[in-house]
There are 2 protein chains.
Amino acid sequence: MTDVSDFDLDRFTPYRLAVAAQKTSEGLARLYRARFGISIPEWRVLVHLAHAGDVSVRDIEAQVMMEKSKVSRAASRLAAAGYINKQASKADRRLLRISLTTKGNTLMAELLPLALAYQRSLEEHLGDALGGFEAGITKLLDGR
Amino acid sequence: MTDVSDFDLDRFTPYRLAVAAQKTSEGLARLYRARFGISIPEWRVLVHLAHAGDVSVRDIEAQVMMEKSKVSRAASRLAAAGYINKQASKADRRLLRISLTTKGNTLMAELLPLALAYQRSLEEHLGDALGGFEAGITKLLDGR
DNA sequence: ACATAATCGTTGCATTTGCAACGAAGTCAA
DNA sequence: TTGACTTCGTTGCAAATGCAACGATTATGT
């Protein structure tokens, strides 16, 4: 018989993953939230823009795994702050062409080194577990 | 010089972790949300109760990594649904003594096998990456 | 004993979130 | 061309969230 009390949340992978994700995301967010007033959804949009250049909301939605309404609102805040530019696409006027402004580029030039340093500190902390850990995440992300 | 465009979100551990966590938590939640009307915060409270017996809100807050207001509201919903019981502690009347009702125990007897099966499917899918993966999560959770 | 501080759980409030519905724009087929 | 259908981004709305403040209770120090 299964005893209901021998289920331990601490050994349950979805829970462990959720807590670890929360911890690392918060750790990074602390680095830029106070200093730049950027939220996590805004951060994701900015990063994808820096990496990919001009993109539509739909592109961002697919690439950074966020609901389109979340992307839309993050983009509106970033536009209001002057970091990005939203213009209707010439070819298909349903689409937006979102791009970093000069101010946005300057911001990213300050932000990305912080992110890279954070990534390095995580890798260092993981040490020899890094390879297996990343391999596992890859399987979870690709799989099923 | 660092080129702003060579930062790839797909190789950034906090992001990968966040997406993987979202995927596995949603995958599990689908199994019980429709069938039992249980949310993720409620699920965590229930699991901890099943494992630990009578506990206070503060205990749950610490053990399952949720804000106390989140715990409080989840507990209120569970009490309204008849799954748990809230009574003031005799020894210290600031504390609550939260426990599963008979109905709550019955629920958990149905829920936990689902969770165990899900855990096994994750482990199977991770295959030989499982060990390194769990080791990495442990380092992130413990580590400073 | 008394005043002060700390702890517990709840609640008010502003913000964020997810989902569905919407208008605008484009596609497709007859 | 017309009409039905699809896609894109925004918005309304209800629910969820985080945080601070609160009343109630207990602990601490003098």
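The legends below describe close-up views of a predicted model.

**View 1. The relation between chain A and chain B.** In this predicted model, a turn of 180 degrees with a shift of 0.0 Å along the axis lays chain B on chain A with an RMSD of 0.1 Å. This is therefore the relation of a two-fold axis. Both copies use the same surface, since 100% of the contact residues of chain B recur in chain A.

**View 2. The side of chain B that touches chain A.** Contacts join 48 residues of chain B to 48 residues of chain A. On the chain B side, two or more residues come from each of helix H1 (13-36), helix H2 (40-52), helix H5 (102-126) and helix H6 (130-142), and H1(B) gives the most, with 12 residues. By class, this side of chain B divides into 29 nonpolar, 14 polar and five charged residues.

**View 3. The crossing of H6(A) and H1(B).** The axis of helix H6 (residues 130-142) of chain A comes within 9 Å of the axis of H1(B), and the two cross at roughly 50 degrees, which means that H6(A) is oblique to H1(B). The crossing in which H6(A) passes H1(B) is left-handed. From H6(A), the residues A:Ile137, A:Leu140 and A:Leu141 meet B:Arg16, B:Leu17, B:Val19, B:Ala20, B:Lys23 and B:Thr24 of H1(B). Sorted by class, this contact of H6(A) with H1(B) holds six nonpolar, one polar and two charged residues.

**View 4. The surroundings of DNA strand D.** DNA strand D is surrounded by 20 residues, of which the closest are A:Ser56, A:Val57, A:Arg58, A:Ser69 and A:Ser72. At least two residues of the surface near this strand are supplied by each of helix H3 (57-64) of chain A, helix H4 (68-80) of chain A and helix H4 (68-80) of chain B, and H4(A) accounts for the largest share, five residues. The residues of the surface near DNA strand D comprise five nonpolar, five polar and 10 charged.

**View 5. The surroundings of DNA strand C.** Around DNA strand C there are 21 residues, and B:Ser56, B:Val57, B:Arg58, B:Ser69 and B:Ser72 come nearest. For the surface near this strand, H4 of chain A, helix H3 (57-64) of chain B and H4 of chain B each supply at least two residues, while the largest share, five residues, comes from H4(B). The surface near DNA strand C has five nonpolar, five polar and 11 charged residues.

Key. Residues are numbered from 1 along each chain as its sequence is written. Chains are lettered from A and ligands numbered from 1 in the order in which they are written. This is a predicted model: local features need pLDDT of at least 70, side-chain atom pairs count only at pLDDT 80 or more; totals for chains, interfaces and linings use all residues. A residue is near a molecule or strand if its C-beta atom, placed from the backbone, lies within 6 Å of it. Helices (H or I, at least four residues) and strands (E, at least two) are DSSP runs, numbered from the N terminus. Ala, Val, Leu, Ile, Met, Phe, Trp, Tyr, Cys and Pro count as nonpolar, Asp, Glu, Lys and Arg as charged, and the others, Gly among them, as polar. Copies are superposed by least squares on the C-alpha atoms of residues with pLDDT of at least 70 in both. Two residues are in contact if their C-beta atoms, placed from the backbone, lie within 7 Å. Axes are lines fitted to C-alpha atoms, for helices over the stretch in contact, and angles run from 0 to 180 degrees between N-to-C directions. Angles under 35 degrees count as roughly parallel, over 145 as roughly antiparallel, 65 to 115 as roughly perpendicular and the rest as oblique. A crossing is left-handed if the near helix is turned anticlockwise from the far one by less than a right angle, and right-handed if clockwise.
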